[in-house]
Every structure is written in structure tokens, then in C-alpha cells.
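Me: Could you take me through how to read a ligand site in a model like this one?

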Amino acid sequence: MSGSLRESDLETVSENAGRRGVFVLAPAKVNLFLHVGDKRPDNYHALESLAVFAEFGDRIGLESAPELSLTLSGPFAAQIPKGDGNLALKAARMLRAAHPERALGAAISVEKNIPVAAGLGGGSSDAAAVLRALNLLWRLDSSESRLFEIAASLGSDVPACLLARPCWMEGRGERVKKTNTLPQIAAILVNPGVMLPTAEVFAALNARTGVGTMHPPPANIQSLWDLVAYLEDSANDLEAPACRMRPAIDEALDALNEEPGCVLSQMSGSGATCFGLFDGRHFALGAAERIAHEHPHWWVRATRIAGPDIGVPHWAGKLD
Ligand code: C5P
């Protein structure tokens with residue numbers, strides 16, 4: 001089940017305790033290109049990127065409770081912090097701190113399906129989903145600008161994840177703007193089983209496209225081919241340093257490029273996950289099956305990205 005998250009989705013779901021709760025999707029983010037400019041006085045790099053979201057992601061459960069708590073599950077749960085370092089919990093604490101007049105709690109559960117430190121914005125997307133859903137669950141009515149301010153203070157990718165639809169990112173990534181609608185694209189995500197800390201990849205960067213060479217996508221992008229033509233002169237500047245640090249990324253890109261129907265392949269964010277855009281779902285499914293079979297230690301996922309109906313605020317259903 002999917003659709004926009006609304007106040008009515010959070011109605012009481014248990015007769016005994018008057019609980020309110022919901023499951024929301026925190027979708028994976030894919031940077032279709034990422035150009036890096038100069039290092040700024042705050043030590044972040046200026047950047048420009050087109051981010052889109054996948055129909056695949058983490059599943060976040062939120063239920064009203066007297067205290068704030070977090071439980072983790074899913075294939076990548078062991079790789080993320082359980083306590084204060086967890087971005088979902090940080091987001092909840094920051095939202096609560098912005099409303100000191102209310103004593104607020106929530107039982108948060110994160111089913112961690114998105115690989116960690118992988119360029120897919122998993123932690124950022126969890127934080128953004130928590131901000132959106134708790135704003136409703138706690139009936140805070142925080143303004144959009146307040147939510148975006150909290151999001152930016154949590155990380156450069158969190159504002160884009162708060163939009164969770166195709167968006168143009170600039171500044172250090174925190175300045176985001178919804179783009180024209182993009183077509184839904186069949187894609188696969190491939191992580192060659194390696195983690196990459198974002199800061200280290202930026203630190204290893206020695207060639208940069210700079211900012212100002214690309215513009216947000218025009219209104220007439222209606223097919224994969226239009227999108228690929230728009231992306232023709234773009235790149236991910238972090239791909240070269242990431243490949244030097246983890247040569248397995250080159251292997252993942254090669255594996256994608258060998259697949260029939262793969263029209264474009266590139267690394268997402270600071271890596272190491274690479275994406276392939278496919279000329280049809282059947283090509284993507286076949287490629288995912290073959291690559292997973294040939295590389296049993298890689299993480300491979302067929303999904304759909306961009307498109308008007310993909311992203312949040314999406315909800316996955318009420319708590320049982
Ligand atoms: O903002 P976030 O916590 O995701 O950034 C992680 C690290 O990545 C930063 O501490 C910085 O070293 C690097 N970074 C950067 N320029 C950006 C975004 C991130 O140098 N625009």
C-alpha cells in the first residue's frame with residue numbers, strides 16, 4: 001500500500017491502549033549525477049546533483065509511547081548505531097527539542113534494508129521519514145521551513161530525503177528544489193560488498209567538474225532516452241576517488257555495463273553502490289539475477305526510480 005502520509009493515517013489502531021502508529025517507507029536515494037566544486041570555508045564542498053528516489057527502502061514503524069525508543073531489524077541492522085548516534089533517533093530528539101512545551105515519546109523501529117555507508121542516503125532517509133511522520137504523530141504542525149532547517153542540521157542529504165522526489169541539490173547538498181516530473185525508470189542497484197565513509201571520499205577527490213555546468217532537468221523529459229540525453233555531459237565526480245579506494249566499484253560498473261538493456265551506469269553519492277538504468281523492467285530483473293548469481297557476496301536489488309508516484313511521503317500501512 002502506498003500514498004501520501006496524512007494525519008488520518010495515524011488514527012488509533014489498538015482498542016486497548018489508544019495507540020496511534022504507522023509504518024512509513026524511507027526510500028533509497030540515487031544521485032543521477034553529482035558535480036563537486038570548491039571546498040567552502042565551512043569545510044564542505046559546493047555541489048550540484050540531481051537526486052531521485054527508489055521504490056525500495058527502509059521500513060520505519062512509529063508508535064506513540066511515553067518515551068523515545070529505537071529497535072532495529074533487517075539485513076543491515078548490525079551496521080548502524082543503536083543509540084544516540086542513530087540518525088532516526090537524532091531526528092526525533094531534534095524535533096522534540098524544537099517543541100519543548102510538549103513531553104513527547106515514540107517507539108521507533110527501523111527495518112534496515114538499505115546498505116550502510118553506501119551512497120544511497122539510508123540514514124538520511126530514515127531521519128527524514130521520522131521527521132515527517134512524527135510531525136503528524138505528535139500533532140506538532142511544524143512548518144515546512146522548520147522541518148527543512150532540522151533536516152539540514154542532521155546532514156547534507158536529509159533535506160533531499162525530506163522531499164523524497166526528484167530534486168535538484170545545491171549548496172553543500174542541503175538546498176533542494178523539486179524538479180519537473182521525471183519518468184519512472186527500471187534500475188538495479190549494485191553494491192560490491194564494501195562500505196565507504198563519505199568524508200574520506202571527498203578528502204580523496206582531486207578532479208572536479210565544478211558547479212554551474214548543469215541545469216535542472218527541463219519539462220520535456222518523458223522517457224529514459226530523454227533522461228540519458230540530459231545526463232550526457234554529467235558525471236559523478238566522487239566515482240574516480242571512490243574507485244581508487246575500492247577497486248571493486250569498477251568491477252560493479254563493468255558488470256552493469258555488460259548487461260543487455262543497460263543504458264547508463266554510474267556510482268551513486270559517495271559510493272560504493274552503483275546503479276544501472278535499464279531499457280525496461282525485464283532487462284533489469286534479468287541483470288539483477290545474473291549479477292547476484294555471479295557475485296554472491298555483492299548486494300543487488302532491482303527497483304524502480306524517479307517517476308511521479310515514487311518517494312515519500314509514502315506510507316506502508318498501519319501498525320497491527
Ligand atoms: O553532511 P554529511 O554529514 O552527510 O557529510 C559527511 C561528510 O562529507 C562531511 O563531514 C564532509 O567531510 C563531506 N562533505 C563535503 N561536502 C559536501 C557534503 C559532505 O565535503 N557537500
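Reply: What follows goes from the ligand shell to its contacts. This is a predicted model, in which local features need pLDDT of at least 70 and side-chain atom pairs count only at pLDDT 80 or more, while totals for chains, interfaces and linings use all residues. Residues are numbered from 1 along each chain as its sequence is written, and side-chain values use heavy atoms, with hydrogens and water left out.

Me: Which residues surround the ligand?

Reply: A residue is near a molecule if one of its heavy atoms lies within 4 Å of it. Here the ligand is surrounded by N43, Y44, H45, L47, G155, S156, R172, T198, A199 and F202.

Me: Which element gives the most to that shell?

Reply: Helices (H or I, at least four residues) and strands (E, at least two) are DSSP runs, numbered from the N terminus. In this structure α5 gives the most, with three residues, and the elements that give two or more are β2 (45-64) and α5 (198-203).

Me: Which polar atoms lie close to the ligand's own nitrogen and oxygen atoms?

Reply: A polar contact is a pair of N or O atoms within 3.5 Å; within protein, one must be able to donate a hydrogen and the other to accept it, and residues adjacent in sequence count only if both atoms are side-chain atoms. A backbone N or O atom of H45 lies 2.8 Å from a nitrogen atom of the ligand, and one of R172 lies 2.9 Å from a ligand nitrogen atom, whereas S156 places a polar side-chain atom 2.6 Å from a ligand oxygen atom.
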